[in-house]
Amino acid sequence: MDDAKEGDRDTSSDAPLPFRAAVDALRATRLRPQIEVEPTRAPQRLAPFAYALEATVVDGDQDLADGRLVLLHDPDGHDAWRGSFRLVTLVRAELEAEMAADPLLPDVCWSWLTGALQARGLACGEPSGTVTRASSHYFGGLAERPSASQIEIRASWTPREGLGGAPDTAGHLAAWCDLLAQVAGLPPAGPGDASVVTLPQRRGPQSR
């Protein structure tokens, strides 16, 4: 995911039609107002074509969580992906130390990702990823800062391609934003999302 800062791939008329259609769908997706999404620099070395978005979950002037979603496309297909498209993501949020110490937290966070995709009826293949808990403790001149804990989800999956060869990227973006909202501790977006369990004991929101 760090490579996503290094350069943009071509999304102009000489990009393959399925890739352009997938990108257009990402750009046209309407999301809940607490999630701010904008294009960012995409990786150059992971695939012949790539498009990236970054998002922040906000509450007033406070940031609750953030993440990045990258769409990769190789017209010739990729053996490891078992398809010609791949979605790669990074999601982060601050936690209370007690929640970060919960031994079930990684499994729960991974189930949030797979559950968000399933809830929107999205088929995907070859999912992989990591859930990382990190804690920071400050000393010396920084000793006045409170300890901080963070959850980080890194994942990738192959979206099923539809008619014309393009996957339902709008649906995958909406599911990804469902994950972001869940990690941030937002309430469900609507009656259909009532089964979503939000993250308890989050650390307070971070100033922007």
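Before I show you two helices packing, one bit of vocabulary: a helix axis here is a line fitted to C-alpha atoms over the stretch in contact, and the angle between two axes runs from 0 to 180 degrees between their N-to-C directions. With that in hand, take helix H1, residues 17-28, and helix H4: they pack at an angle of about 45°, and their axes are 8 Å apart. H1 and H4 are therefore oblique to each other. The crossing of these two is right-handed. On the H1 side the contact is made by Ala22, Ala25 and Leu26, and on the H4 side by Thr169, Ala170 and Leu173.

Okay, let me step back. What you have up there is a predicted model, so please keep that in mind throughout. The protein has four helices and seven strands. If you walk along the sequence, you meet them in the pattern α-β-β-β-β-α-α-β-β-α-β. There are 208 residues, and 42% of them count as buried. And here's a number about how the chain comes together: take the contacts between residues at least 6 apart in sequence, and 68% of those join residues at least 24 apart.

Back to H1 for a moment. H1 has twelve residues, and from first C-alpha to last it reaches 16 Å, close to the 16 Å you'd expect at 1.5 Å a residue. Which of its residues are buried? Those are Phe19, Ala22, Val23 and Leu26. They cover an arc of only 95° around the axis, which puts them on the same side of H1. Here's the general reason that kind of spacing works: an α-helix has 3.6 residues a turn, so residues three or four places apart point the same way. Over on the other side of H1, Leu17 and Ala28 are exposed. And what covers the buried residues? The cover includes strands E2 (49-59), E3 (62-78) and E4, along with helix H4.

Now on to H3, residues 105-119. This helix has 15 residues and spans 20 Å from its first C-alpha to its last, close to the expected 21 Å. Buried in H3 we find Leu105, Cys109, Trp112, Leu113, Ala116 and Leu117. They span an arc of only 125° around the axis, which puts them on the same side of H3. Turn to the face pointing away from that buried side, and you get the exposed residues Asp107, Gln118 and Ala119. The buried residues of H3 have several packing partners: strands E4 (83-95), E5 (124-136) and E6 (148-159), plus helices H2 (97-100) and H4 (169-184). And just past the end of H3, Gly121 takes a positive phi of about 70°.

So what about H3 and H4 as a pair? These two pack at an angle of about 145°, with axes 8 Å apart. H3 passes H4 in a right-handed crossing. If you want to find the contact on screen, look for Cys109, Trp112, Leu113, Ala116 and Leu117 in H3, meeting His172, Ala175, Asp178, Leu179, Gln182 and Val183 in H4.

One last stop, in the strands. Val88 lies in strand E4. Is Val88 buried or exposed? Its relative accessible area is 15%, and the cut-off for buried is under 20%, so Val88 counts as buried. Val88 is also 66 residues away from Arg154 in sequence, yet the two are 7.6 Å apart in space, C-alpha to C-alpha.

That's the tour. Happy to go back to any of the helices.

Technical notes: Residues are numbered from 1 along each chain as its sequence is written. This is a predicted model: local features need pLDDT of at least 70, side-chain atom pairs count only at pLDDT 80 or more; totals for chains, interfaces and linings use all residues. Side-chain values use heavy atoms; hydrogens and water are left out. The expected span of a helix is 1.5 Å times one less than its number of residues. Buried means under 20% relative accessible area, exposed over 50%, partly exposed in between (1.4 Å probe, protein chains only). The arc is that of the directions from the helix axis to the C-beta atoms. Contact means heavy atoms within 4.5 Å. Angles under 35 degrees count as roughly parallel, over 145 as roughly antiparallel, 65 to 115 as roughly perpendicular and the rest as oblique. A crossing is left-handed if the near helix is turned anticlockwise from the far one by less than a right angle, and right-handed if clockwise.
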